[in-house]
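This dialogue is between a learner and a teacher. Please keep the sequence and the model in view while reading.

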Amino acid sequence: QVQLVESGGGLVQAGGSLRLSCAASGSISSINAMGWYRQAPGKQRELVAAITSGGSTNYRDSVKGRFTISRDNVQNTVHLQMSSLKPEDTAVYYCQADIRPLGSYLGRYWGQGTQVTVSS
C-alpha cells in the first residue's frame, strides 16, 4: 500500500518561514513528478510547485522567489521551503506524487494535507 505522509505545517507570522516535507512509503517501483497543492477555504485546490524526477521545477507565479521545492529520489521525499510567507498563503497544503507501485500501474497519490496558517 503506497502512501504519502506530510509534516511541517503550522502557524507562523507574516514574513516567516516554514518547511513542509512529504515521504512516500510502500512497495514503490518508481516515482515520476511530485508536487505540492494547496486549498484555502472556499477556493479550489491549486498547484503551488512541482518537480520532475530529473529535478525540473515549476511554480505558480504568486510563490516564485519565495518557495523552493526539492526532492530526494533515494529517500522518496519531497520538500517545500516557504519563505516570506503572506496571509494569503494560508491553506491546507497537500503533497502529490505520480507513483508506479511494484507490479502495478502508474497512479496519482495524495497526502492527507497539512494546515499552514500565516497571521498578519
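The dialogue that follows takes up several features in turn.

Q: What should be known about the model before its features are read?

A: This is a predicted model, in which local features need pLDDT of at least 70 and side-chain atom pairs count only at pLDDT 80 or more, while totals for chains, interfaces and linings use all residues. Residues are numbered from 1 along each chain as its sequence is written, and side-chain values use heavy atoms, with hydrogens and water left out.

Q: How many disulfides does a search of the whole structure find, and which cysteines are joined?

A: A disulfide is a pair of cysteine sulfur atoms within 2.5 Å. The search of the whole structure finds one, and it joins cysteine 22 to cysteine 95, with an S to S distance of 2.1 Å. The pair links distant parts of the chain, 73 residues apart: cysteine 22 is in strand S3 (residues 18-25) and cysteine 95 in strand S9 (residues 91-101). Strands (E, at least two residues) are DSSP runs, numbered from the N terminus.

Q: Why is the disulfide of cysteine 22 and cysteine 95 called left-handed?

A: The torsion about its S-S bond is about -80°, so the disulfide is left-handed.

Q: Are cysteine 22 and cysteine 95 buried or exposed?

A: Buried means under 20% relative accessible area, exposed over 50%, and partly exposed in between, with a 1.4 Å probe and protein chains only. Cysteine 22 is buried because its relative accessible area is 1%, and cysteine 95 is buried at 0%.

Q: Where does histidine 79 lie, and which residues does it contact?

A: Contact means heavy atoms within 4.5 Å. Histidine 79 lies in strand S8 (residues 77-82) and counts as buried, at 15% relative accessibility. Leaving aside neighbours within four places in sequence, its contacts are Arg19, Leu20, Ser21, Trp36, Thr68, Ile69 and Ser70.

Q: Which side chain forms a polar contact with that of histidine 79?

A: A polar contact is a pair of N or O atoms within 3.5 Å; within protein, one must be able to donate a hydrogen and the other to accept it, and residues adjacent in sequence count only if both atoms are side-chain atoms. The side chain of histidine 79 has such a contact, of 3.4 Å, with the side chain of arginine 19.

Q: Where is arginine 66, and what does its side chain reach?

A: Arginine 66 is in the loop between strand S6 (57-59) and strand S7 (67-72). Its relative accessibility is 12%, so arginine 66 counts as buried. The side chain of arginine 66 reaches the backbone oxygen of serine 62 at 2.9 Å. Not counting residues up to four places away in sequence, arginine 66 touches residues including Gln81, Met82, Ser84 and Asp89.

Q: What is notable about phi in asparagine 76 and serine 84?

A: Most residues other than glycine have a negative phi. Asparagine 76, which is not a glycine, has a positive phi of about 55°, and serine 84, also a residue other than glycine, has a positive phi near 50°. Asparagine 76 is in the loop between S7 and S8, and serine 84 is in the loop between S8 and S9. With a relative accessible area of 21%, asparagine 76 is partly exposed; serine 84, at 40%, is partly exposed.

Technical notes
Helix = DSSP H or I, 4+ residues; strand = E, 2+ residues; numbered from the N terminus.
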